[in-house]
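Thanks for asking me to look through this one with you. My notes follow as numbered points, to be read with the structure open beside you.

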Amino acid sequence: MRTVRRFLLLHVLSAVGLVTLAFLALLFFIDMLNDLSNLGKPGFSLSGTLLHVALSMPSRAYEVLPIATLVGGVFALASLAASSEFTILRISGLSPRAALGLLLQLAAALVVTLFLLGEWLAPAAGQLSARLQAGGGSGIGTQLASGVWLRNDSDRSGNQTVNIKAINTRGDLTDIHIYVLNAQAQIAAELHAPSGQYEGGGTWMLHNVTRTELPQQTGAALKVTQLPSYRWRTSLSPSVLGVLLLSPDKMSAIDLWRYIQHLRANHQAAERYEIQLWKKLFYPFSAVVMLLLALPFAYLHTRSKGVSGKVLAGIVLGIAFILLNTLFSSLGILGTWPPAITAAMPMLLFGGLGLIVFAWQVRFR
């Protein structure tokens, strides 16, 4: 039985690995073509473009691994069925329950891989790439297009709208504009600082601050004050600001949770990020769903000429899963559905479909 287990797992795993590498090579080529159009512009170079695309590969691997698992699993199992090797495995004692258990063991390893990619490697590479673009230092980019816009209610001076032009690789801020709003949501004052460093405990030290107080009465003059330093209190930490350089789907679960707490503290809507947090938690288990969808293809009695059709069916299933996942995310935001149910529903539907088809194949075919 050990030989059967090793043969089946290696056959499926090698197919999944080859499909993953093929997808990543294709995406690397496409991303390079897209970024090469920026060559010649100020701040862009070939080495910077290569580094930017290379840093995007962990995120790409995180995105394509479930689909590669489905396509590779379908190809491996359909090939075994077409060559009658899977029939021999069944005669050798591989029961449907044992086959399901073996694939679930492989799925567990893929779940761990996806978790490490999504929580550690991909966010770290994405933040490094975004900071290099925002702060220069690699020739990829010099600053954010319009800066990061935030809301801050943690300072004693009142509600604030904040614009940060750039964040360097150390997490320091440059060109900070803080607009202080009064009770009528009108700008009462504006603070500008060329730079700022985090001191800890929710406090930033801003240097060479220019404070401009707008007149609240007709005919009053502007009041401009120069401050060598200013302690700015906010719930924004370097870790929260760092993730703002990324889109929600590229943040880690812990970063999403921190940003959700910041949004709640500032009385802002957080439904989009809550759904993304639950999707991030459930996403690694999509490898289990993909292998459940692939397993019924091992019990199809087809010859080798039917393998390509089964692979195409696997690709269609993978695309349908992605589309349904995106659809449920949008519907969850519009319909204010519970975030956990919104994120889990596509996996439950496709996982249930895989188990039903597998049970039907074993019982009636």
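**Notes on the sheet, the cores and the helices**

1. Let's begin in the sheet, with S4 and strand S5 (residues 203-213): nine bridges hold these two together, and they run antiparallel. One pair to find on screen is Gln-197 and its bridge partner in S5, Met-205. The hairpin made by S4 and S5 has two residues between the strands, and Gly-201 there has a positive phi near 65 degrees. Please keep in mind throughout that this is a predicted model.

2. On its other pairing, S4 (residues 187-200) meets strand S3 (residues 173-181), again antiparallel, through eight bridges. Two pairs help to set the register: Leu-173 has Gly-196 in S4 as its bridge partner, and Thr-174 stands opposite Ser-195 in S4. This hairpin has five residues between S3 and S4, and in its turn Ala-185 shows a positive phi of about 60 degrees.

3. Moving further along, strand S2 (residues 160-167) pairs with S3 over seven bridges, in the antiparallel sense. Here you can look for Asn-163, which stands opposite His-177 in S3.

4. How are the six strands ordered in the sheet? The order is S1-S2-S3-S4-S5-S6, the sheet is open, and the pairing is antiparallel. Strand S1 (148-152) and strand S6 (223-233) are at the edges with a single partner strand each, so each has one side without a neighbour in the sheet. On average, and ignoring direction, neighbouring strands of this sheet are turned by 25 degrees against each other. As a reminder, strands of a sheet pair through backbone hydrogen bonds, either parallel or antiparallel.

5. Now for the whole protein. It has ten helices and six strands. Of its 365 residues, 47% are buried. Among contacts with a separation of 6 or more, 62% are between residues 24 or more positions apart. The accessible surface is about 18100 Å², and carbon and sulfur atoms account for 64% of that surface.

6. Which residues touch the most other members of the largest nonpolar core? They are Leu-8, Val-12, Leu-77, Phe-86, Leu-94, Leu-295 and Tyr-299, in a core of 50 residues. At least two residues of this core come from each of helix H1 (2-36), helix H2 (46-82), helix H3 (85-91), helix H4 (96-135), helix H8 (286-294) and helix H10 (339-364). H2 gives the largest share, with eleven residues.

7. Val-12 is a handy place to start exploring that core. If you leave aside neighbours within four places in sequence, Val-12 is in contact with Gly-73, Ala-76, Leu-77, Leu-103, Leu-106 and Leu-291. There is also a second, separate core of 29 residues, with Ile-164, Leu-191, Leu-206 and Met-251 among them.

8. A word on the annotation. The unreviewed UniProt entry lists residues 7-30, 64-86, 98-118, 281-300, 312-334 and 340-360 under "transmembrane region". I compared two of these spans with the model. Residues 7-30 are 100% helix and 0% strand, with the end C-alpha atoms 35 Å apart. Residues 281-300 are 55% helix and 0% strand, and their end C-alpha atoms lie 33 Å apart. When you cite these regions, please say that they come from an unreviewed entry.

9. Two backbone angles deserve a look. Most residues other than glycine have a negative phi. Ser-84, however, has a positive phi near 70 degrees. Ser-84 sits in the loop between H2 and H3, and is partly exposed at a relative accessible area of 29%.

10. The other angle belongs to Asn-208, with a positive phi near 50 degrees. Where is Asn-208? This residue lies in strand S5, which brings us back to the strand that pairs with S4 over nine bridges. Asn-208 counts as exposed because its relative accessibility is 52%, and the cut-off for exposed is over 50%.

How values were computed. Residues numbered from 1 in each chain as written. Predicted model: local features only at pLDDT ≥ 70, side-chain atom pairs only at ≥ 80, totals over all residues. Heavy atoms only, no water. Helix = DSSP H or I, 4+ residues; strand = E, 2+ residues; numbered from the N terminus. Buried < 20%, exposed > 50% of the residue type's maximum accessible area, 1.4 Å probe, protein only. Contact = heavy atoms within 4.5 Å. Areas by Shrake-Rupley, 256 points an atom, 1.4 Å probe, with all protein chains shown as cover. Core = buried A, V, L, I, M, F, W, Y, C linked by side-chain atoms within 4.5 Å. UniProt positions renumbered as here; feature names shortened; annotations may be inferred. Pairing = 2+ DSSP bridges. Axes fitted to C-alpha atoms, helices over the stretch in contact; angles between N-to-C directions.
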